[in-house]
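Please open the structure in your viewer and keep the selection panel at hand. The stops below say what to select next and what is to be found there.

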Amino acid sequence: MAAQTPSPDSLLPLPPATFHILMALASEDRHGYAIIQDVAARTDGALKLSAGTLYRSIQRMLEQGLLVETRDRPAPEEDDERRRYYRITPFGSSVARAEARRLTQLVRLARASGFVPGRA
Amino acid sequence: MHFYGLLLHVYPASFRAEYGEEMRAIFARAREENRGFHVVVFWVATVFEVLSNGLAAHWDVLNQDLRYSARTLARAPGFAFTAVTVAALGIGGATAAYTLIDYVLIRPLPFTEPNRLVNIWETVPSSHLGELELSPPNYRDYRKAATSFSSFGVFAGVAANLTGAGEPQRVLGDAFTSEIFPLLGVHPVLGRVFSAEDLKDSALGTLVLSYSLWQELFGGDRDVLGRKVEIDGIPHTIIGVMPAGFSFPDRDAELWVPLRFAPIDFTDRTNWYLHGVARLKPGISVSQAQAEMTGIAARLARADPKELANIGAHVVRLRDDISPRTRLLLEALMGAALCLLLIACANLANLLLARALARRGELAIRSALGAGPERLARQMLTESLLLSLAGGLLGGLIAYVAVPLFARLVPNALPWGEAPSIDTRVLAFPVLLTLITGIAFGAVPALRAGHGSEDALRDNARSGGGRRERLRSALVIAEIAACVVLLVSSGLLIRALSRIRGRDPGFRPDHALTLRTMLPFPKYDKAETRRTFYNRVLSSARQLPGVTSAAYTSFLPMVMRGGVWHVEIPGRPQDVAHQESASARFVTPDYFVAMGIPFLMGRGIQESDTREKPWVAVVSQSFVDHYWPGENPLGRRFKFNFLDHVVVGVVGNVRVRGLERASEPQVYLSYQQAGDAEWSWYAPKDLVVRSSGNLLALVPALRRIIHDADPEQPIADVQTLNDILEDETGARTVQLRILGIFASAAFFLAAFGIHGLLAFAVSQRTQEIGVRMALGARSSAILGMILKRALILAAAGVVIGTALAFAAGQSMRALLAGVSPADALTFAAAVGLCFAMTLAGSLLPARRATRVDPVIALR
């Protein structure tokens, strides 16, 4: 039921939780709790996703084709039978890149307006 | 942990099933990280988090379902359009009908404590007169003796020539005693209402305006109080203005004057013209008041047995005082609307059942892909909801258009203020019914089918399932039956209408123009003044090109139905209980020619029939048949209103009381034989002009002629005799049009239902048909098989429908003008139409069946 390859731009701007989840999955497949932990670590504990927010986001992202649930299990010693692992799709990656591009442009504009301290 | 499990029930079940376990695990870990006081904070945060995310998850699902429904419906636009239209027709019709009924029969009247308001009538049992108004002396006596009422007033209608505020005009209003306004609990927006002083015979004239007349004549000027206008030439001071929307006793009332009595008014106990209204004392019931009034009436009858033998009083709640005819019309309307709603629901159910069957495969696939039953149910519910809401919206629109049309059905039964508007609560009922239909026939079977999982996947949509097939057949039979009922009801009313239209009114309605010049009194008290006016108008009118005759009469037939006088034939015994009466009309000589009423014997009224000559009467054939059957009436004498008259001529019968009721015999008197200020109410006022030319072209010339005769004289009710006759059947035409709309909607819905059922059956049985054909069945046999099925359905529907239609016809017998509720022609036509419809509906599916290619079907 996934949408038929829409343009990545059509999903922008991404909700913050969605972007963070995509970032958490950028390097490896993770299960839900690992995503929460990764996001918390990445943001120095500033963003702690609740279980509800996480799985609502995951549900929508599955529907949008940003993620898939993966059948490949990690190494047996790390595997937890009950857990579901998620993997970012190529579409998910291009959406994340598009979002990053959008944010970069935004920051560039902010900098031109003198809102951002630093270079130029 | 347990509590968190409970909390998770806030989420949609599908979401819970999918992620519940992992969420518990994450919750457990987070729970361990918080100790001591933090636990409390953690729990509060968790509850908030679950509530907000749970609702959001529901919203997500709804959104997803709506999008999915919109997509699936868009993929089946025929189904979506049909389902919505079908639902809208049913919803719209039922809502409009119920809105009207609510307005006329149910809604409380806009007065203070309306349940304590009653009408009071006099009754004369064993006479054809039924309920009568009160006479002044009886009102006086009832009022004096009755203790059930906190207030008891009377009123009488007046038609006034209003001058002194712009163009002279004719305005309808009522004369009220001082009790009426306070009794209703309505207060003026400006000034005051009548006091007991205003009712004294010697007091100066006073007048209360309706809001609309105030706006129209004075532009809402607040300085209107104290202004003087003339009513029938008598000065009246404006003392008050009633609030917008107030109207009593009916919508036509635009002004009110005090009702006054002169001592002479209290002499005649049979002068019934006062409408009684009273307010019950708190705690007194209608039946208690009725019992008291019956006792008082009996005492009156004992005291004056000569005039009041058999007299009675009838107390009826104002809200319930609605003519049986109006009630019947509304009930018929509601019946028709319910029939249509039933058909619509049956049709919708059939559509949905077919769709559910067709979707078994889709649902089975979704189920196999992991969609739980709850998720599918939710999806189906959303779809039903979407269809019902769209149907409700469109239905509301239909009702909005239909209510004003329906309201014309009962024009006089809507006395209270503004036009009815659609109530959303009223709309809710049919929408709910459609929704239930949607759920019962759309969601449930779809789910049942979905449960069959592998079975459904395997044989997809091949087997229809006998039970469901029977249900669908039953629905189609119900549709056909309801359709027969509506067709027969419409047919009976068409027959009644044509029978009534076919009745001879007694005059020639073509080529005659009429208008009313109500001569005001006392300006026209003198008989000579009146004669001068009539002769000026009539002689000038006869000069107009094309005019062949012109005449004046007291009242045109059907315009005024009453106006009857007491008849006494010498040598015939008097019987109070069976009063002999005839309608009385003063006419000018040319009247019978102008009206086209045939002469049968003797002569008409002549210019020489003056006050000094013996009083003459021209009577109708029915008068002769009643009083002197088989005898020569010419030269015979009788007392009419206690005065001697001699019969000089006989004319044809006229249906004075309209085409649908029996009329009293008619007596025509010479306009010159009414004296000064005598019978002013009967003074000729209706002008009838017969012309061979264009009637409407006469109007400006006639206006000029009347203006020349009396510049202050207003002209009203310009219409042709044909218009008057049309008005007689106007309500029926409206009624028929409405029922016709219902019947044709039902007809097409039923045809569609049959078509849908058979088309589906054929597609379900493609394989079977293929086998039969492969085994040598000829296409005519296949055709016969399908048609047989259709005819069995039609026959079942027609049998049930005919029985119901007969019952419906019995209950609306009063509307049928003598047409039998079992009218064979009507039933034959309705049954024939239904079979034709069945054949038409089954044509396409049958053709498709005969074209089944065995090779493809069996593949």
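Begin by selecting helix α3 of chain A, residues 51-64, in this predicted model. At 1.5 Å a residue its 14 residues should span 20 Å, and because the C-alpha atoms at its two ends are 20 Å apart, the expected and the modelled lengths agree. Now show the side chains of A:A51, A:G52, A:L54, A:Y55, A:R56, A:S57, A:I58 and A:M61, which are the buried residues of this helix. Around these buried positions, add α1, α2 (32-42), β2 (67-70) and β3 (85-88) of chain A, and then α2 (13-33) and α3 (37-75) of chain B, since these are the elements against which they pack. Just after α3(A) comes A:G65, and its phi is positive, near 85 degrees.

Staying with this region, select the residues through which the two chains touch: 14 residues come from chain A and 16 residues from chain B. On the chain A side, the elements that give two or more residues are α2 and α3 of chain A, and α3(A) gives the most, with seven residues. If you colour this side of chain A by class, you should find four nonpolar, five polar and five charged residues.

Next, select the sheet of chain A, in which three strands are arranged in the order β1-β3-β2 as an open sheet with antiparallel pairing. Because β1 and β2 of chain A stand at the edges, each with a single partner strand, one side of each is left without a neighbour in the sheet. Two bridges join β1(A) to β3(A), and to see where these strands face each other, select A:R30, which stands opposite A:Y86 in β3(A). Colouring chain A by confidence is useful here, as its mean pLDDT is 84 and 84% of its residues reach 70 or more. Among the elements of chain A, strand β1 (residues 30-31) has the lowest mean pLDDT, 88, whereas helix α1 (residues 16-24) has the highest, 93.

Move to chain B and select strand β20, residues 666-670, where five of the five residues are buried. Which way do its residues point? B:Q666, B:Y668 and B:S670 point one way, whereas B:V667 and B:L669 point the other way. In a regular strand the side chains alternate between the two faces of the sheet. Add strand β15 (residues 581-587) of chain B, which runs parallel to β20(B) and is joined to it by five bridges; here B:V587 stands opposite B:S670. Then add strand β17 (residues 616-620) of chain B, which pairs with β20(B) in the antiparallel sense over three bridges, with B:V618 as the bridge partner of B:Y668.

For the last stop, select the largest nonpolar core, a set of 102 residues in which B:L333, B:L340, B:I343, B:I480, B:C483, B:V484 and B:A746 have the most contacts. Helix α10 (residues 324-358) of chain B supplies the largest share of this core, 22 residues. Centre the view on B:L340 and, leaving aside its neighbours within four places in sequence, look for its contacts with B:L89, B:G90, B:G93, B:F742, B:A745 and B:A746. A second, separate core has 60 residues, including B:L519, B:F555, B:F592 and B:V619. In soluble globular proteins, nonpolar side chains tend to be buried together.

Key: Residues are numbered from 1 along each chain as its sequence is written. Chains are lettered from A and ligands numbered from 1 in the order in which they are written. This is a predicted model: local features need pLDDT of at least 70, side-chain atom pairs count only at pLDDT 80 or more; totals for chains, interfaces and linings use all residues. pLDDT is the predictor's confidence in each residue, from 0 to 100. Helices (H or I, at least four residues) and strands (E, at least two) are DSSP runs, numbered from the N terminus. The expected span of a helix is 1.5 Å times one less than its number of residues. A residue is buried if 20 or more other C-beta atoms lie within 10 Å of its own, exposed if 12 or fewer, and partly exposed in between; C-beta atoms are placed from the backbone. Two residues are in contact if their C-beta atoms, placed from the backbone, lie within 7 Å. Ala, Val, Leu, Ile, Met, Phe, Trp, Tyr, Cys and Pro count as nonpolar, Asp, Glu, Lys and Arg as charged, and the others, Gly among them, as polar. Two strands pair if DSSP finds at least two bridges between them. A nonpolar core is a set of buried Ala, Val, Leu, Ile, Met, Phe, Trp, Tyr and Cys residues joined through C-beta atoms within 7 Å.
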